[in-house]
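Biologist: Hello! I am new to this protein and would love a close look at its salt bridges. Could you walk me through them?

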Amino acid sequence: MRNSTQKVFLSGFAILLAFSFNIQAQDKTPNEAEIQRAKQKYNRSIKYNDFAVAKDAIYDLIVLEPNNSSYLDSLAYMYFEFNQYASAALVSRDALSRNPNNQMILQISAKSLDQLGALDQALKMYQKLYNISDDGFVLFEVIQKQYDLKKYDDAMINSELLLGKRIVDGSKVYAKDEAGNEIEVPFKAVINNLQGMIARAQGNEESAKKYFNSALSLAPNYALPKENLNPKD
């Protein structure tokens with residue numbers, strides 16, 4: 001589930017790399033000439049897949065045009081794409097100080113903080129993103145973080161809220177079968193499996209097994225609920 005979400009997210013980065021900064025051929029002041037040179041540097045480095053130079057060009061542009069927030073957005077994308085999560089989180093923080101409702105940057109921030117193990121902060125970002133977007137997949141991330149942080153009552157309440165959303169019906173996500181192959185399973189099955197994990201953490205084993213069996217009834221080849229029904233430990 002997390003992998004499939006990240007795949008969807010990263011498709012946005014391909015759009016970013018396809019974008020070229022607009023270069024205007026006209027008389028320029030010295031500062032404008034530097035800006036155009038930095039944009040040319042960025043465009044050429046992206047063309048040749050030299051992302052270190054592209055990043056350097058973005059820093060030049062941030063210095064030359066400090067009020068243009070799109071450069072911070074681009075830098076956050078780039079750090080996240082190359083798994084530099086600490087830098088992505090820091091840049092995202094500055095970008096959000098300018099545009100607190102930028103949904104893509106909120107997602108970068110949340111995922112970066114999650115990767116860094118800053119679960120409390122990641123949860124806050126996911127909650128803010130959900131409040132803005134009302135996206136069921138973001139709510140699932142909220143529930144996962146609440147489970148990780150042992151906020152089991154909140155996680156169970158939100159899981160029931162999620163099941164009531166129309167996006168759940170008919171939606172499929174990627175998961176693993178017992179052989180480790182990637183398969184598509186109903187989103188509802190993934191939610192049921194997570195509910196089972198929450199119920200087990202709350203000490204309600206009977207309810208946990210019902211949730212796992214519900215997940216398997218929807219996705220018989222889904223490995224996680226099978227493992228959860230028959231834990232090795």
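Which residue forms a salt bridge with Glu-206, and how far apart are the closest N and O atoms?

Modeller: Happy to help, and please keep in mind that this is a predicted model. The partner of Glu-206 is Lys-210, and the closest N and O atoms of this salt bridge lie 3.9 Å apart. That falls inside the cut-off, because a side-chain nitrogen of Lys or Arg has to be within 4 Å of a carboxyl oxygen of Asp or Glu. Both residues sit in helix H11 (residues 205-218), and because they are four residues apart there, about one helical turn separates them. Glu-206 is exposed, and Lys-210 is exposed too.

Now for the wider setting. In total, nine salt bridges are counted in the model. One of them pairs Asp-56 with Lys-41, with 2.5 Å between the closest N and O atoms. This pair links distant parts of the chain, 15 residues apart: Asp-56 belongs to helix H3 (residues 51-64) and Lys-41 to helix H2 (residues 30-47). Asp-56 is partly exposed, at 37% relative accessible area, and Lys-41 is partly exposed as well, at 29%. Through salt bridges that share partners, Lys-41, Asp-56 and Asp-60 join into one network.

Another salt bridge brings together the side chains of Glu-141 and Lys-111, at 3.8 Å from N to O. Here, too, distant parts of the chain are linked: Glu-141 in helix H8 (residues 136-148) and Lys-111 in helix H6 (residues 103-115) are 30 residues apart. Glu-141 is buried, with a relative accessible area of 3%, and Lys-111 is buried at 7%.

Technical notes
Residues numbered from 1 in each chain as written. Predicted model: local features only at pLDDT ≥ 70, side-chain atom pairs only at ≥ 80, totals over all residues. Heavy atoms only, no water. Helix = DSSP H or I, 4+ residues; strand = E, 2+ residues; numbered from the N terminus. Buried < 20%, exposed > 50% of the residue type's maximum accessible area, 1.4 Å probe, protein only.
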